[in-house]
Amino acid sequence: MHDAVRASLPELQAWLPWALGYERSVAHRFVRDSASAWNDGRAFDFAIRLPEEPDFHVGNISIWPTSVPNRIGEVGYWIRSDLTGEGLGTEVTARALEIGFAELGYHKIVLRIAVGNERSDRIAKRLGLTYEGVLRDEVKVGAAWLDHTAWSILEDEWPGIRAQLIEQGVLRSR
Ligand SMILES: CC(C)(COP(=O)(O)OP(=O)(O)OC[C@H]1O[C@@H](n2cnc3c(N)ncnc32)[C@H](O)[C@@H]1OP(=O)(O)O)[C@@H](O)C(=O)NCCC(=O)NCCS
């Protein structure tokens, strides 16, 4: 994971504050915190790996509850820069939505995407999420405050979208 982040710093640092000042110790802490977050149900972090190359880290995707009583969750992701543009971001996000609705029982799943992150916007659009609006100054990346756009999908919207994604080959039927 550390090597994949190091190889992707310019793209990651544009949008994700944790990528600034990234060192091996940050990777160690992430893996340690991930394990305890998973056990406590605070967040579910997944390593993205290709079946034919299981030791090669491609990126991460996470899903976590933002409101337990309302069954709302959020998804975040990154893909190593030398493997972007191959559909992996869209595929793993679709899979995370499937996990969110089918396994975690969420009612609503949200993506928050920095204004200007067009590739990530395209993932939200492609997966049929609804644009909700702009959240001002949601994250500070270096010296800059970034606005986020919020996109969401509801549990009763998922079966129809899921069927389309299976038909398009984005999601595998399980
Ligand atoms: C955003 C990100 C996850 C996209 O991952 P990806 O594996 O390239 O995703 P996909 O291949 O499914 O492509 C998503 C869209 O971006 C476009 N895209 C991806 N890489 C591109 C590139 N190098 N040049 C132009 N367009 C590109 C794709 O064409 C696709 O759009 P389309 O469906 O209209 O064709 C990846 O670029 C990334 O990790 N960026 C930095 C971290 C980040 O922004 N995380 C998301 C925070 S909300």
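User: At 9% relative accessibility, does His-148 count as buried or exposed?
Analyst: This is a predicted model, in which local features need pLDDT of at least 70, side-chain atom pairs count only at pLDDT 80 or more, and totals for chains, interfaces and linings use all residues. Residues are numbered from 1 along each chain as its sequence is written, and side-chain values use heavy atoms, with hydrogens and water left out. The cut-offs are under 20% relative accessible area for buried and over 50% for exposed, with partly exposed in between (1.4 Å probe, protein chains only). At 9%, His-148 counts as buried.

User: Which side chain does His-148 join in a polar contact of 3.1 Å?
Analyst: His-148 sits in strand 6 (helices, H or I with at least four residues, and strands, E with at least two, are DSSP runs numbered from the N terminus). Beyond four places in sequence, His-148 touches residues including Ile-113, Val-134, Glu-138 and Val-139 (contact means heavy atoms within 4.5 Å). A polar contact is a pair of N or O atoms within 3.5 Å; within protein, one must be able to donate a hydrogen and the other to accept it, and residues adjacent in sequence count only if both atoms are side-chain atoms. At 3.1 Å, the side chain that His-148 joins in this way is that of Arg-112.

User: Which residues are joined with Arg-112 into one network by salt bridges that share partners?
Analyst: A salt bridge is a side-chain nitrogen of Lys or Arg within 4 Å of a carboxyl oxygen of Asp or Glu. Arg-112 and Glu-74 meet in one at 2.9 Å, N to O, a pair that links strand 4 (residues 108-114) to strand 3 across 38 residues. Arg-112 forms another with Glu-138, the closest N and O atoms being 2.7 Å apart, and here strand 4 is linked to strand 5 (residues 130-141) across 26 residues. The residues joined with Arg-112 into one network are Glu-74 and Glu-138.

User: Of the salt-bridge partners of Arg-112, what is the relative accessible area of Glu-74?
Analyst: Arg-112 counts as partly exposed at 32% relative accessibility, and Glu-138 is partly exposed as well, at 35%. Glu-74 is buried, with a relative accessible area of 8%.

User: How many residues apart in sequence are the parts that Glu-155 and Arg-71 tie together?
Analyst: The structure holds ten salt bridges, and one of them joins Glu-155 to Arg-71 with the closest N and O atoms 3.6 Å apart. Glu-155 lies in the loop between strand 6 (144-154) and helix 6 (158-167), and Arg-71 in the loop between strand 2 (59-67) and strand 3 (72-79), so the parts that the pair ties together are separated in sequence by 84 residues.

User: Within what arc do the buried residues of helix 6 fall, seen down its axis?
Analyst: The buried residues in helix 6 are Trp-158, Ile-161 and Leu-165. The face turned away from them carries the exposed residues Pro-159 and Glu-167. The arc is that of the directions from the helix axis to the C-beta atoms. The buried residues line one face of the helix because they fall within an arc of 70°.

User: What elements are included in the cover of the buried residues of helix 6?
Analyst: Helix 6 is followed by Gly-169, whose phi is positive, near 80°. The cover over the buried residues of helix 6 includes strand 6, helix 4 (88-103) and helix 5 (118-126).

User: How much of the 920 Å² that the ligand exposes when taken alone does the protein bury?
Analyst: Of the 20 residues around the ligand, Ile-79, Gly-85, Gly-87, Thr-90 and Asn-117 come nearest (a residue is near a molecule or strand if one of its heavy atoms lies within 4 Å of it). Oxygen atoms of the ligand lie 2.8 Å from a backbone N or O atom of Ile-79, 2.5 Å from an N or O atom in the side chain of Thr-90 and 2.7 Å from a polar side-chain atom of Asn-117. Accessible areas come from the Shrake-Rupley method with a 1.4 Å probe; for residues, only the protein chains shown count as cover. Of the 920 Å² exposed by the ligand alone, the protein buries 77%.

User: What distance separates the C-alpha atoms of Lys-108 and Pro-65?
Analyst: Lys-108 is in strand 4 and is buried, with a relative accessible area of 18%. Leaving aside neighbours within four places in sequence, its contacts include Arg-71, Phe-101, Glu-132 and Ser-152. Lys-108 and Pro-65 are 43 residues apart along the chain, and their C-alpha atoms are separated by 9.9 Å.
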